[in-house]
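This report walks through one model, beginning with a charged pair and moving on to the sheet, the loops and a buried charge. Please keep the sequence and the structure in view while reading.

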Amino acid sequence: MKMKNATSNDEQVLVIGATGTIGQALVKQLKINGANFKALVRDAHKGATLDCAFVVADLDDIDSMNAALQGVSHVFLNSSPGYNMVQQQTSAIDAAKRAGVTSIVSISSPGANSTSSSFLGKSHGEVDDYLKASGLGWVILQPSAFMQNFLRYADTIKAEGKFYGAYGEGQIGFIDVADIAAVAAVTLADAQYHGKSLVITGDALLSHADTARLYAQQLGKSVEYVDVPVDVIVAQMTAGGYPEQFARELGAMMQGMASGSAAFKNDAVFEITGAQPRSFSQFIADNIAVYR
């Protein structure tokens, strides 16, 4: 994918969250662009798998963050949505300021607000507010639900021709993380986006039943989405190791989507990158081996 802009070779990008779903896609995109960047990782072995320059540091270790940010002009900021996310990300923003970083592109979520009753929405909102008040150039990306979340259904799609959730008939503007990365790469390089919160979505509104039909077309077999009570999903997540409160948060998010909270789409990916977002059918085709 050809980007509208590329980061100047004398301005280095630090990718925080480089081994995450979006981070790995961004590393690939920055390599394609020929950008000057390095990845921040906690584990040198994982860093080596990225096939790029990397630095070992930890968001909870101020000294390591201070060292990692030396010489960096722009930061991509993302981390796992755990209970220490706000502390980790605000600390990273402080470290970036100390290091003389120019701008930060951060991953948030649509509707994030520091007064939200949702833990995730509140956490993202608090980080968003902190970044906006930091004095740094900032861009906040608010992507819709990831297509890559469907990779977790591979086993049951293969074994049963079914996948399960509590999303009802709610429509969602699913986005491929490669398109999130493409937008991030442009906004890291182009100051015209500073001071903007950007909701980014895929090209279509789809229910989970709609995605099942697309799987059936691509795989040449019957595939069915089975809606189950949200309490069953929460219990399964808890049994699988999720903290109970976090599992309930995810269950509440599913119920919100079932009620239409994610039924929106826009043209932001095309407007920013000059390329149409990937379709859900393309996502399946790109990952077809996982489902066979």
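With which residue does D210 form a salt bridge, and how far apart are the closest N and O atoms? In this predicted model, the partner of D210 is R213, and the closest N and O atoms of the salt bridge are 2.3 Å apart. Both D210 and R213 belong to helix α8, where three residues, or about one turn of the helix, separate them. R213 counts as partly exposed because its relative accessibility is 48%.

**Salt bridges**

The structure holds four salt bridges, and three of them, including the pair just described, are set out in the table with their helices.

| Pair | Helix | N to O distance |
|---|---|---|
| D210 and R213 | α8 | 2.3 Å |
| E126 and K122 | α5 | 2.4 Å |
| R248 and E244 | α10 | 3.2 Å |

As a general matter, side chains of opposite charge can pair when their charged atoms come close. E126 and K122 are four residues apart in helix α5, about one turn of the helix, and R248 and E244 are separated by about one helical turn because they lie four residues apart in helix α10. E126 is partly exposed, with a relative accessible area of 28%, and K122 is likewise classed as partly exposed, at 34% relative accessibility. In helix α10, R248 is partly exposed with a relative accessible area of 47%, while the value for E244, also partly exposed, is 48%.

**The sheet**

Seven strands form an open sheet in the order β3-β2-β1-β4-β5-β6-β8, and their pairing is parallel. The edge strands, each of which pairs on one side only, are β3 (54-56) and β8 (196-200), and from one strand to the next the twist averages 20°. In general, strands of a sheet pair through backbone hydrogen bonds, either parallel or antiparallel.

Strand β4 can be followed through its two pairings. Strand β1 (residues 12-16) runs parallel to β4 and is joined to it by five bridges, with V13 standing opposite H74. Four bridges join β4 to β5, again in the parallel sense, and here H74 stands opposite S103. Strand β4 is mostly covered, since six of its six residues are buried. Further along, β5 (residues 103-107) and β6 (residues 137-143) pair in parallel over five bridges, and S106 of this pairing stands opposite I140 in β6. Helix α5 (residues 119-132) lies across β5, β6 and β8, and runs at about 160° to β6.

**Loops**

The loop between β5 and α5 contains S116, which counts as partly exposed because its relative accessibility is 22%. When residues up to four places away in sequence are not counted, S116 touches G121 and K122, the latter being the residue whose side chain meets that of E126 in a salt bridge. A polar atom of the S116 side chain also lies 3.0 Å from the backbone nitrogen of S118. By contrast with these contacts, S116 and G137 are 21 residues apart in sequence and 25 Å apart in space, C-alpha to C-alpha.

G71 is placed in the loop between α3 (62-68) and β4 (72-77), and it counts as exposed because its relative accessibility is 57%. From C-alpha to C-alpha, G71 is 8.2 Å from G100, although 29 residues separate the two in sequence.

D51, in the loop between α2 (44-49) and β3, is a residue other than glycine with a positive phi, near 55°. Most residues other than glycine have a negative phi. D51 is exposed, with a relative accessible area of 60%.

S207, found in the loop between β8 and α8 (208-219), is buried because its relative accessible area is 8%, and, leaving aside neighbours within four places in sequence, it is in contact with E169, G170 and Q171.

**A buried charge**

Which side chain of opposite charge is nearest to E249, and how far away is it? E249 lies in helix α10 (residues 244-258), where it is buried yet has no salt bridge; the nearest side chain of opposite charge is that of R248, 9.8 Å away. The side chain of R248 instead meets that of E244 in a salt bridge. Neighbours within four places in sequence aside, E249 is in contact with S117, S118, F119 and L120.

Methods. Residues numbered from 1 in each chain as written. Predicted model: local features only at pLDDT ≥ 70, side-chain atom pairs only at ≥ 80, totals over all residues. Heavy atoms only, no water. Pairing = 2+ DSSP bridges. Axes fitted to C-alpha atoms, helices over the stretch in contact; angles between N-to-C directions. Contact = heavy atoms within 4.5 Å. Buried < 20%, exposed > 50% of the residue type's maximum accessible area, 1.4 Å probe, protein only. Lys, Arg positive; Asp, Glu negative; His and termini not counted. Polar contact = N/O pair within 3.5 Å; in protein donor to acceptor, adjacent residues only side chain to side chain.
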